[in-house]
Amino acid sequence: MARPKIALIGAGQIGGTLAHLAAIKELGDVVVFDIAEGVPQGKALDIAEAGPSERFDVTLKGTNDYADIAGADVCIVTAGVPRKPGMSRDDLLGINLKVMKAVGEGIRDNAPDAFVICITNPLDAMVWALREFSGLPHRKVVGMAGVLDSARFRHFLSLEFDVSMRDVTAFVLGGHGDTMVPLARYSTVAGIPLPDLVKMGWTTQDKLDAIVQRTRDGGAEIVGLLKTGSAFYAPATAAIEMAEAFLKDQRRVLPCAAWCDGEFGLDGLYVGVPTVIGENGVEKVVDIKLARDEQEMFDKSVDAVRGLVKACKGIDESLA
Ligand code: A3D
């Protein structure tokens, strides 16, 4: 049986890490595309040369030609520009929208059956634009944010409780940005919800609030430390988790920026919600009932995403 084909659009910090992880996990043959000449070729060769030590049997190819992504089963898109200190994700909108147009058309013409995972920021607007430009079915185009934001939340909670990260589950909903909504009552240690852990004296509400805020600021914390770019190891790992769920039809329940048309009372918008990911892409949006305060936070987040989508339509009239 032929190995799956994984196309990585963007060979920067995240793209290179994705290629390395996909090869080590033997998820499939990897094609790395970028407009920068030599960069995808150099990274693909460098990673291929790790094969004898890592003992993986997949091929890696770097390219500047979209024809090489033909027939890809998965496309992971990181093409564009990342944040620098002092920039918000939204500051990237104009420049990355143009990139989404080129990438969307490249995928439409060469890999129309792929499951597409967008990582480029501002995430919720870029995944919407990428879907519009590519014309692929909505269930086959998703954004990676919730898996990363939840992982950050889980990491901080495991530090607070001094327990294994494996036993901490967390849910983060809404847009990927300052309005993201970490849901405390759906986040647990071995099934015990966070509000119960506060009652049990494992932590205080103030400390929990501070962890929620640190999660919201998780991307900015790394940008502030790196100074020259944004996070890439954990973002790549999160996207690989989603790609694997699709390729292996795992039906994982993962928070993604997914198309909601009816779910959560939305009439056609990409926003972070719990989904089931399987062989058809988004098999289902898990339409949970939110408490009043959660709904208020979610609505604020939805408004912010709507604002960005409107701004995209203002910049590129083919989207209006
Ligand atoms: P970086 O290392 O700069 O890589 C981006 C790559 O895109 C570069 O190699 C560019 O040459 C390439 N590129 C630019 N224009 C095009 C084009 N038209 N076609 C193909 N390739 C192109 O950035 P990065 O890998 O650190 O980050 C990539 C994106 O992910 C940025 O927009 C970040 O803001 C975003 N990001 C999102 C998250 C989320 O959780 C959603 C987390 C971290 C970073």
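**Exercise 1.** In which sense, and over how many bridges, do strand 7 and strand 8 pair?

*Solution.* The structure is a predicted model. Strand 7 and strand 8 (residues 181-189) pair in the antiparallel sense over five bridges. Within this pairing, V172 has P182 in strand 8 as its bridge partner. The two strands belong to an open sheet of three strands with the order 7-8-9 and antiparallel pairing. Strand 7 (168-173) and strand 9 (192-193) each have a single partner strand and stand at the edges, so one side of each has no neighbour in the sheet.

**Exercise 2.** Determine whether the end-to-end distance of helix 4 agrees with its number of residues, and identify what covers its buried residues.

*Solution.* Helix 4 (residues 93-110) has 18 residues. The expected span is 1.5 Å times one less than the number of residues. This rule gives 26 Å, and the end C-alpha atoms are 25 Å apart, which agrees. Next, the buried residues of helix 4 are N96, L97, V99, M100, V103, G104, G106 and I107. Their cover includes strand 1 (5-9), strand 4 (74-77), strand 5 (115-118), helix 5 (123-134) and helix 11 (292-315).

**Exercise 3.** Describe the largest nonpolar core and the surroundings of M242.

*Solution.* The largest nonpolar core has 102 residues, and C75, I117 and M242 have the most contacts inside it. Domain 1 (5-144) and domain 2 (146-319) each contribute at least three residues to this core. Leaving aside residues up to four places away in sequence, M242 touches I117, M144, V147, L254, C256 and I277.

Definitions and conventions
Residues are numbered from 1 along each chain as its sequence is written. This is a predicted model: local features need pLDDT of at least 70, side-chain atom pairs count only at pLDDT 80 or more; totals for chains, interfaces and linings use all residues. A nonpolar core is a set of buried Ala, Val, Leu, Ile, Met, Phe, Trp, Tyr and Cys residues joined through C-beta atoms within 7 Å. A residue is buried if 20 or more other C-beta atoms lie within 10 Å of its own, exposed if 12 or fewer, and partly exposed in between; C-beta atoms are placed from the backbone. Domain bounds come from an automatic or database domain assignment. Two residues are in contact if their C-beta atoms, placed from the backbone, lie within 7 Å. Helices (H or I, at least four residues) and strands (E, at least two) are DSSP runs, numbered from the N terminus. Two strands pair if DSSP finds at least two bridges between them.
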